[in-house]
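Walk through this fold from the inside out. Begin with the core, then follow the sheet to its edge.

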Amino acid sequence: MPRQMSCHGLGARIFRRFSVSYRTVIEGFSMETGIACYTRGPFLPTVSSKHSPPSVSPSFGFRNLKSSSLFGESLRVASKSTLKVSRTKDTSLVTRCEIGDSLEEFLTKATPDKGLIRLLVSMGEALRTISFKVKTASCGGTQCVNSFGDEQLAVDLLANQLLFEALNYSHFCKYASSEENPELQDMGGPVEGGFSVAFDPLDGSSIVDTNFTVGTIFGVWPGDKLTGVTGRDQVAAAMGVMGPRTTYVLALKDFPGTHEFLLLDEGKWQHVKETTEIGEGKLFSPGNLRATSDNLDYAKLIDYYVSEKYTLRYTGGMVPDVNQ
């Protein structure tokens, strides 16, 4: 299978959390997600031994970052000493989450883990800022090349920085890794009661200037490990979709369904959609069609979709393609 079609990268691991049932995805959408969930290379660093300590890059330190107005007053004034982790073994929920809830209201009802709530709210603040920058920033020139050989646009770097800062200000992220900075970055959060996060800051950044939809994708794992883990180990997964509308799509391990929040004009996230099952669809989003010339199985798959009258809907970005 061509490298671009691989579903074994981090993106595929994260998107599996968006299905209510992994079996539903495999049986109902196996071929479609197999095409849509492509990555350009290994997302996370590998380790030679399970017992090897994580490789932490000292070049991306955040302990000395000063308060930023990007994340609002609530994030700037809260100190780490005032934040307590609240976890309970009983995950039964008394209050039902409702359409129309704010992000904070939804999370308070969906999980008792205060650290996870704060982390996801912090990421929501970053997504809000990234959405604004995508709509207004100049993306005409490239800045540099990341470790996978992909050219980075200025907006890539900005999104990357905003997400790292949000994780640092959450006080509950221990390690973080991104497509632009694949080495583990120490965010200063606790190991016990904390989380590690991996993300692609701006999937589809090369199509920003065409005014296509782009997005951010991230996964949250408990503790201090981002290697030797699977999608099933995640406590949460999310994506920010930035197009005509900006949405924040969340899935929590111990809470049913996938939940979509719309960014309102006043800058708040509002719960607008709940998805509890995925049926078989008739859309396909094939990446790297040139591979059909030397991969007969891929060519047969495309022929099958065409003969069965599937609808081609391909944007060039994994986040919008999977979101549809």
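**From core to edge**

The largest nonpolar core holds 46 residues, and Leu120, Val220 and Tyr248 have the most contacts inside it. The model is a predicted one. Helix α5, residues 114-136, gives the most to this core, with ten residues. A second, separate core has seven residues, including Ala291, Tyr298, Leu301 and Tyr310. In soluble globular proteins, nonpolar side chains tend to be buried together.

Take Leu120. Which residues does Leu120 contact, leaving aside its neighbours within four places in sequence? The list runs Leu103, Leu107, Phe218, Val220, Ala236, Tyr248, Leu250 and Leu252. Val220 and Tyr248 are thus among the contacts of Leu120.

Now the overall frame. The protein has eight helices and twelve strands. Buried residues make up 51% of its 324 residues. Of the contacts between residues at least 6 apart in sequence, 63% join residues at least 24 apart. The exposed area is about 16,000 Å², and carbon and sulfur atoms supply 51% of it.

Next, the sheet. Eight strands form an open sheet in the order β4-β3-β5-β6-β7-β8-β9-β10, with mixed pairing. Its edge strands are β4 (185-186) and β10, each of which pairs on one side only. Inside the sheet, β6 (residues 214-222) and β7 (residues 236-242) pair in the antiparallel sense over seven bridges. Ile217 stands opposite Met239 in β7.

Helices lie against these strands. Helix α6, residues 154-170, packs on the sheet and touches β3, β4, β5 and β6. The direction of α6 makes about 160 degrees with that of β5. Helix α5 lies across β3 (173-178), β5 (195-203), β6, β7, β8, β9 and β10. Against β8, α5 runs at about 155 degrees.

Move on to β9. How many of the residues of β9 (residues 258-263) are buried? Six of its six are. Both faces are covered. Thr258, Glu260 and Leu262 are buried on one side, and His259, Phe261 and Leu263 on the other.

Strand β9 has a partner on either hand in the sheet order, β8 and β10. Four bridges join β8 (residues 246-252) to β9, and the two run antiparallel. Tyr248 has Phe261 as its bridge partner in β9. Five residues lie between the strands in this hairpin of β8 and β9, where Gly257 takes a positive phi near 90 degrees. β9 and β10 also pair in the antiparallel sense, over six bridges. Thr258 stands opposite Thr275 in β10. The hairpin of β9 and β10 has five residues between its strands, and Gly267 takes a positive phi near 90 degrees there.

At the edge, look at His271 in β10 (residues 269-275). Is His271 buried or exposed? His271 counts as buried because its relative accessible area is 1%, and the cut-off for burial is under 20%. Leaving aside neighbours within four places in sequence, His271 contacts Glu98, Ile99, Gly100, Asp101, Phe106, His259, Glu260 and Phe261. Three of these, His259, Glu260 and Phe261, are among the buried residues of β9. The side chain of His271 also reaches the backbone oxygen of Lys273 at 3.3 Å.

Finish in helix α7 (residues 296-307), which contains Ala299. Ala299 has a relative accessible area of 17%, so this residue is buried too. The C-alpha atoms of Ala299 and Leu289 are 8.4 Å apart, with ten residues of separation along the chain.

Notes: Residues are numbered from 1 along each chain as its sequence is written. This is a predicted model: local features need pLDDT of at least 70, side-chain atom pairs count only at pLDDT 80 or more; totals for chains, interfaces and linings use all residues. Side-chain values use heavy atoms; hydrogens and water are left out. Buried means under 20% relative accessible area, exposed over 50%, partly exposed in between (1.4 Å probe, protein chains only). Contact means heavy atoms within 4.5 Å. Accessible areas come from the Shrake-Rupley method with a 1.4 Å probe; for residues, only the protein chains shown count as cover. A polar contact is a pair of N or O atoms within 3.5 Å; within protein, one must be able to donate a hydrogen and the other to accept it, and residues adjacent in sequence count only if both atoms are side-chain atoms. A nonpolar core is a set of buried Ala, Val, Leu, Ile, Met, Phe, Trp, Tyr and Cys residues joined through side-chain atoms within 4.5 Å. Two strands pair if DSSP finds at least two bridges between them. Axes are lines fitted to C-alpha atoms, for helices over the stretch in contact, and angles run from 0 to 180 degrees between N-to-C directions.
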